Amino acid sequence: MLGSRTTEFARGLRAVALAWLPGWRGRSFALARAVGAPHGGDLQPPACPEPRGRQFSLSAAAVVDSAPRPLQPYLRLMRLDKPIGTWLLYLPCTWSIGLAAEPGCFPDCYMLSLFGTGAILMRGAGCTINDMWDQDYDKKVTRTANRPIAAGDISTFQSFVFLGGQLTLALGVLLCLNYYSIVLGASSLLLVITYPLMKRITYWPQLALGLTFNWGALLGWSAIKGSCDPSVCLPLYFSGVMWTLIYDTIYAHQDKRDDVLIGLKSTALRFGENTKQWLSGFSVAMLGALSLVGVNSGQTAPYYTALGAVGAHLVHQIYTLDIHRPEDCWNKFISNRTLGLILFLGIVLGNLCKEKKTDKTKKSIENRIEN
C-alpha cells in the first residue's frame, strides 16, 4: 500500500511540473491556428499521461473555459475567447489618442485604458446584436452553428437582457468623457445596431462595418482635445475604413460558400477572383490617407518609418493570400493586429520626437504670429 501511494504521489508531482513547464499548455489545433502557429506537431504536448484537471494557460479561450459554466455562454457571446475583434475595434482609438497627445509626450494612459474597456463592452454588444439578428443563419453555417444563441445555450430574452447590461456599462464609460465626445459616441449606436443587417441588403456590408468599427478614430481625438480636427480626424477615419475593407474582405472569404447557399452578401462574393486588385486599391488609399494624417499633425520620421512597415505588411498580406484556403484567410485576418500595433508604435515614437512645447517655445510661436 505504501508503494502504491508513493507511485501516485510521484505521478502527481510530475503532472504539476509538466503543467508549469514553459510552452507546455496543451493547446488545441484551433487555438494554435488562432495565434498563427504552424500546423502539425509543433505544439503537441509530450507523450506522457495527461494530468488530471484543467491546464494552466493565459490564452483568452482558456480563461473563458476556466470561468464558471453558467457564465461561459455569455462570455462566448461577447467573443471574449476570440479577442482579435476587440483589438481591431480598439486600435483606431489608440491611433487617435496617440495623435492627440501633446508634442514630446506619451499618450494619455487613462484614456487608453478607458477606451480599452469601452472596446471590450461595445464589441461584446455588437456581437450580441449580430447573433440575435443572425441566429437562424448561424444554425446553417458550420463555423457559427455553435454560437451560444444558435446552439440554444442562451435564449433570445436572456441575450436581450445581457445586451442591456453591456450597453449600460458602456454608457458609464462614455459618461467619463467630455460632452462633445458623449454626443459623438452616442451617435454611433445606430451604426452598431444596423450594420449586422447590411449583409442581407448589399454586397458591401464590410463598408458598414468599417464605418462602425473606426468611430474611435474620431472619438479618441475629441476625448483629448474637446472636439474633432477635420484635417486629422477625417483622413484617419477614412484610412481605418479602408483597413476594415481589407481585413474583413479577407475574413469573409472563409464563409463565401455558405453565404451563397443561404443568400447572404459580402465583398468577398462581390470581388471574387479580383479580390487582390481591390485590396491593393484599398491599401493605396489607406496609406495615402495616413500620409495626409502625418502631414497635418506634424509627424516626424518614426511615424513615416512605421507607415513604410505598414505598407510592407499589406503587400505581403495581399501577395501571399490564398482566398480559397479558409485557414490562410484566418491567419491573414488576425495578422492585422500586428499592423495596427506597428502604426500605434510609430505614432507614439513620432510624437516623442516632436519638440516639447515649453513656455519659451509657446512665447516664440506667439511672437511669430504677432509679427
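These are my notes on a few helices, cores and single residues looked up in a predicted model.

**Entry 1: α5 and α13**

I began with a pair of helices. Helix α5 covers residues 84–100 and helix α13 covers residues 230–252. Their axes come within 11 Å and cross at roughly 155 degrees. Angles over 145 degrees count as roughly antiparallel, so α5 is roughly antiparallel to α13. I noted the crossing of α5 past α13 as right-handed.

Next I listed the residues that make the contact. From α5 they are Leu88, Leu91, Pro92, Trp95, Ser96 and Leu99. From α13 they are Val232, Leu236, Trp243 and Tyr247. I sorted the residues of this contact by type and got nine nonpolar, one polar and no charged.

**Entry 2: the cores**

I then looked up the largest nonpolar core, which has 66 residues. Trp95, Phe115, Leu177, Trp243, Met286, Phe333 and Leu343 have the most contacts inside it. Helix α13 supplies the largest share of this core, twelve residues. Apart from it I found another core, of five residues, among them Met78, Ile149, Ile154 and Phe162.

In general, nonpolar side chains tend to be buried together in soluble globular proteins.

I followed Trp243 further, leaving aside its neighbours within four places in sequence. Trp243 is in contact with Leu88, Leu91, Pro92 and Trp95. I also wrote down its contacts with Met286, Asn336, Leu339 and Gly340.

**Entry 3: α11**

Is helix α11 mostly covered or mostly uncovered? I checked residues 205–213 and found the helix mostly covered, with seven of its nine residues buried. The buried ones are Pro205, Gln206, Ala208, Leu209, Gly210, Thr212 and Phe213. I looked up what covers them, and the list includes α5 and α13. It also includes α9 (189–194), α10 (198–201) and α15 (267–271).

**Entry 4: Arg79**

I found Arg79 in the loop between α4 (72–77) and α5. Arg79 has a positive phi of about 65 degrees, although it is not a glycine. Is Arg79 buried or exposed? Its relative accessible area is 9%. The cut-off for buried is under 20%, so Arg79 counts as buried.

**Entry 5: Pro326**

My last stop was Pro326, which has its place in helix α18 (residues 326–334). I noted Pro326 as partly exposed, with a relative accessible area of 38%. I also looked up its separation from His253. The two are 73 residues apart in sequence and 7.0 Å apart in space, C-alpha to C-alpha.

Notes:
Residues numbered from 1 in each chain as written. Predicted model: local features only at pLDDT ≥ 70, side-chain atom pairs only at ≥ 80, totals over all residues. Heavy atoms only, no water. Axes fitted to C-alpha atoms, helices over the stretch in contact; angles between N-to-C directions. Helix = DSSP H or I, 4+ residues; strand = E, 2+ residues; numbered from the N terminus. Parallel < 35°, antiparallel > 145°, perpendicular 65-115°, else oblique. Left-handed = near helix turned anticlockwise from the far one by under 90°. Contact = heavy atoms within 4.5 Å. Nonpolar A, V, L, I, M, F, W, Y, C, P; charged D, E, K, R; others polar. Core = buried A, V, L, I, M, F, W, Y, C linked by side-chain atoms within 4.5 Å. Buried < 20%, exposed > 50% of the residue type's maximum accessible area, 1.4 Å probe, protein only.
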